[in-house]
Each structure stands twice: as C-alpha cells, then as structure tokens.
Amino acid sequence: MSTLSHVLSSPRLLHLTLRADAASGIAMGLPLVAFAEPLAALLGLPAQLLLACGLTLFPFAALMLLAVRSARPPATLVWLVIGGNVAWVLGSVWLWFALPLTLLGQVFLVVQALAVLLLTELEFTGWRRLSAVRHWPDE
C-alpha cells in the first residue's frame with residue numbers, strides 16, 4: 001500500500017488534515033500579512049483584503065490545532081472549520097468575478113481555492129470516518 005493510500009485510509013485522516021490545514025493557513029497568512037502591499041500590485045487584490053485575510057488565518061489555524069488535541073475533536077469545531085473553508089472558497093469565487101485581477105491573481109485565486117477545497121473534502125471524509133467509530137482507544 002502506498003503512503004498516500006495509507007494516509008487516506010487512516011483513521012487519523014481528520015487529525016492529519018487539520019494539522020496540514022493549520023500549517024498551510026500559517027504559511028499563507030505570513031506572506032499575506034508581511035507583504036500585503038507588493039502582493040496587491042502583483043495580484044490585483046486590495047492590500048487591505050490581503051492583510052485581513054492573512055490575519056484571519058492565524059486564529060483559524062489555532063482553532064484547527066485546538067480541534068486535534070483530542071482523539072475525537074468536538075463536532076462544533078470540525079464543522080466550524082469545514083464551514084469556514086467553504087466560505088473561503090466561495091469568497092474566492094466571488095473575488096474572481098468582482099475584481100479586475102491580474103493573470104497571476106487569477107492563478108493565485110484558483111490554486112489556493114482548489115487547495116482549500118481539497119483540504120475541506122479530506123476533513124469531511126475524515127470526520128465521517130471518525131464519526132463511524134464507536135469505541136475510542138483513550139476513553
């Protein structure tokens with residue numbers, strides 16, 4: 001079995017995906033905050049929007065890391081993450097049509113929206129798999 005197949009079939013899929021989502025959120029938030037002005041010129045997105053999005057990603061990442069602290073993350077936190085990710089993707093689609101993006105801005109929006117969509121699908125799949133388990137090893 002390949003490593004990818006092993007991860008995708010793992011009962012820890014939700015935990016692994018939430019950690020990856022948190023890490024990617026921090027990795028995305030840092031340049032958005034630190035370089036909002038130059039990125040705005042390159043992407044065709046307002047600097048204030050990039051800064052606000054970057055600052056939003058830090059508490060969202062903390063929420064994800066909080067969720068993985070237990071073997072069975074609270075449903076409310078998991079659904080908040082999934083809902084936040086869906087809102088992020090929908091907001092990205094709206095920005096595509098609402099703003100005069102540069103070509104690089106279009107590529108940026110599509111790539112990051114697809115990455116968030118993939119993470120959301122993996123989180124949802126992981127949550128379903130985890131919800132099907134009746135007995136928890138640490139309980």
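The expected span of a helix is taken as 1.5 Å times one less than its number of residues. In the predicted model described here, this expectation can be applied to helix H5, which comprises the 24 residues 75–98 and should therefore span 34 Å; the C-alpha atoms at its two ends lie 34 Å apart, in agreement with that value.

Helix H5 belongs to a protein with 6 helices and 0 strands, whose elements follow one another from the N terminus in the order α-α-α-α-α-α. Along the principal axes, the C-alpha atoms of the protein occupy a box of roughly 50 × 30 × 25 Å. Of contacts in the protein between residues at least 6 apart in sequence, 71% connect residues that are at least 24 apart.

Within H5, the buried residues are Leu 77, Val 78, Val 81, Ile 82, Asn 85, Val 89, Ser 92 and Leu 95. An α-helix has 3.6 residues a turn, so residues three or four places apart point the same way. The packing partners of the buried residues of H5 are helix H2 (13–34), helix H4 (47–67) and helix H6 (103–132).

For the protein as a whole, 35% of the 139 residues count as buried, and about 8100 Å² of surface is exposed, of which carbon and sulfur atoms supply 74%. With regard to charge, the protein carries 7 positive and 6 negative charges, and the mean positions of these two sets are separated by 10 Å.

Methods
Residues numbered from 1 in each chain as written. Predicted model: local features only at pLDDT ≥ 70, side-chain atom pairs only at ≥ 80, totals over all residues. Heavy atoms only, no water. Helix = DSSP H or I, 4+ residues; strand = E, 2+ residues; numbered from the N terminus. Buried < 20%, exposed > 50% of the residue type's maximum accessible area, 1.4 Å probe, protein only. Contact = heavy atoms within 4.5 Å. Areas by Shrake-Rupley, 256 points an atom, 1.4 Å probe, with all protein chains shown as cover. Lys, Arg positive; Asp, Glu negative; His and termini not counted. Charge placed at Lys NZ, Arg CZ, Asp CG, Glu CD.
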